[in-house]
Amino acid sequence: MARPSADKSPPSRSDAEAAKERTTQLLREIRRIEIQTSRLVNQHLAGSYQSVFKGQGVAFSEVRAYTPGDDVRAIDWNVTARTGEPHVKLFTEERELTVMLVVDMSGSLDLGSRDYDKRQLVARLAATFAFSAIRNNDRVGLIGFTDGVEVFVPPRSGRKHVLAVVQQVLTHVPQSRATRVASGLEYLARLGQRHTVAILISDFVDAVPDDAPEAARAFEHALKMVRRRHDLIPIRVEDPLELELPALGLVALEDLELLGLGGDSFLDLSPRRAKKYRARVDAERARLDQLLRKLSLDSMSIRCGDNWQQPLVNFFARRARRMRR
């Protein structure tokens with residue numbers, strides 16, 4: 001009979017208490033996100049969502065007698081001929097949509113120099129679109145990626161489903177420290193889903209590097225593939241610290257995925273090095289902006305520490321105005 005190994009003793013009281021505290025904090029954070037995003041959806045985005053994200057088209061509903069002012073192009077000539085009275089066809093919009101959250105879950109999202117890190121910001125943004133969707137009886141799915149897809153949650157509706165998605169975003173431990181945004185887009189393209197609203201949320205630290213043209217071409221190709229079939233909305237999340245590193249001299253840094261250094265490293269942040277880093281970041285951000293404009297993609301950038309809700313309100317209002325033209 002096998003004996004239990006000595007290293008499988010039950011967790012100590014302190015370990016159990018720490019685990020309980022982590023669970024409590026997680027539930028509080030999820031609840032906080034639910035309250036914040038639900039308030040935003042109900043107060044600012046509820047009316048805009050339906051006009052901004054259209055269904056798959058229109059479907060025949062019924063025929064009724066013609067009344068003055070009806071569009072003559074809607075006259076049903078077969079029914080009109082049969083009854084001797086003009087009748088028109090009525091149509092309703094096929095409303096049901098699928099919202100796919102294509103979310104970066106890589107290690108660089110743990111960076112945070114403000115009240116919350118990028119991962120928490122991503123969770124808030126994902127929750128906002130998810131709660132907007134289920135409020136309109138649409139379905140929500142999740143594709144979580146690093147340099148490959150690590151999480152897939154099939155589209156469903158309902159509050160419990162959305163909270164489970166938010167929990168996945170907050171708690172997923174990435175299996176890889178690298179990032180390849182194209183992997184999430186390629187996965188969505190292979191799913192064979194009909195038209196969806198695809199919300200791509202990432203810091204895009206690997207998307208358009210000048211020293212890796214093949215990776216940049218793969219990213220552009222993946223954007224084009226998804227854009228052909230889906231309504232793609234890229235959202236860039238950033239932290240002020242990664243945009244302009246302070247000149248601190250020699251410092252020890254952990255998980256430098258955003259700099260492409262990997263692992264735990266020492267970095268010389270002399271004024272000259274810090275300036276060079278800022279120039280590289282600015283160039284990559286400009287290349288990404290130029291690519292998104294070239295593909296006519298609606299996008300937005302949101303920074304940790306800033307008001308993350310106002311850019312969403314502005315986006316919905318701007319897109320609604322354009323679609324009314």
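1. A residue is called buried when its relative accessible area is under 20%. I233 has 0% relative accessibility, so it counts as buried. The model discussed here is a predicted one. I233 belongs to strand β7, which covers residues 231-238. Its C-alpha lies 6.0 Å from the C-alpha of L200, although the two are 33 residues apart in sequence.

2. L200 is part of strand β6, residues 197-202, where six of six residues are buried. Which residues of β6 point which way? V197, I199 and I201 point to one side, while A198, L200 and S202 point to the other, and all are buried.

3. Strands β6 and β7 run parallel and are joined by six bridges. Within this pairing, I201 is placed opposite I235 of β7. Between the two strands the chain passes through helix α6 (residues 213-229), and this β-α-β crossover is right-handed.

4. Strand β6 also pairs with β3, in the parallel sense and over five bridges. Here M100 stands opposite A198 of β6.

5. Strand β3 (residues 98-104) runs parallel to β4 as well, with seven bridges joining them. V99 is found opposite V140 of β4. A right-handed β-α-β unit is made by β3, helix α3 (residues 118-135) and β4.

6. How much of strand β4 is covered? Six of the seven residues in β4 (residues 139-145) are buried, and the strand is mostly covered. Strand β4 then meets β5 in the antiparallel sense, through five bridges. The two strands form a hairpin, with three residues between them. In this pairing L142 is opposite V153 of β5.

7. Strand β5 takes in residues 149-156, and V149 is one of them. V149 counts as partly exposed because its relative accessibility is 30%. Together with F152 and L191, V149 makes a nonpolar surface patch of about 190 Å².

8. Helix α4 consists of 13 residues, 159-171. From its first C-alpha to its last the helix reaches 18 Å, close to the 18 Å expected at 1.5 Å a residue. The buried residues in α4 are H161, V162, L163, V165, V166, V169 and L170. As a general point, an α-helix has 3.6 residues a turn, so residues three or four places apart point the same way.

9. Returning to β7, this strand has a parallel partner in β10, and four bridges join the two. I235 stands opposite M300 of β10. The side chains of β10 (residues 300-303) alternate: M300 and I302 are buried and point to one face, whereas S301 and R303 point to the other face and are not buried.

10. The same two strands are linked by charged side chains. E238 forms a salt bridge with R303, with the closest N and O atoms 3.6 Å apart. E238 lies in β7 and R303 in β10, so this pair ties together parts that are 65 residues apart in sequence. How do the two partners differ in exposure? E238 is buried, with a relative accessible area of 3%, and R303 is partly exposed, with 33%. Through salt bridges that share partners, R236, E238, R285, D289 and R303 are joined into one network.

11. How many salt bridges does the structure hold? The count is 19. One of them links E29 and R32, whose closest N and O atoms are 2.4 Å apart. Both residues lie in helix α1 (residues 13-52), three residues apart, or about one turn of the helix. E29 is buried, with a relative accessible area of 9%, while R32 counts as partly exposed at 40% relative accessibility.

12. A further salt bridge joins R180 to E186, with 3.0 Å between the closest N and O atoms. R180 has 30% relative accessibility and therefore counts as partly exposed. E186, at 18% relative accessibility, counts as buried.

Definitions and conventions. Residues are numbered from 1 along each chain as its sequence is written. This is a predicted model: local features need pLDDT of at least 70, side-chain atom pairs count only at pLDDT 80 or more; totals for chains, interfaces and linings use all residues. Side-chain values use heavy atoms; hydrogens and water are left out. Patches are made of residues with over 30% relative accessible area and no salt bridge: like charges are joined within 9 Å, nonpolar side chains (Val, Leu, Ile, Met, Phe, Trp, Tyr) within 5 Å. Accessible areas come from the Shrake-Rupley method with a 1.4 Å probe; for residues, only the protein chains shown count as cover. A salt bridge is a side-chain nitrogen of Lys or Arg within 4 Å of a carboxyl oxygen of Asp or Glu. Buried means under 20% relative accessible area, exposed over 50%, partly exposed in between (1.4 Å probe, protein chains only). Two strands pair if DSSP finds at least two bridges between them. A crossover is right-handed if, with the strands pointing away from the viewer, the path from the first strand over the helix to the second runs clockwise. The expected span of a helix is 1.5 Å times one less than its number of residues.
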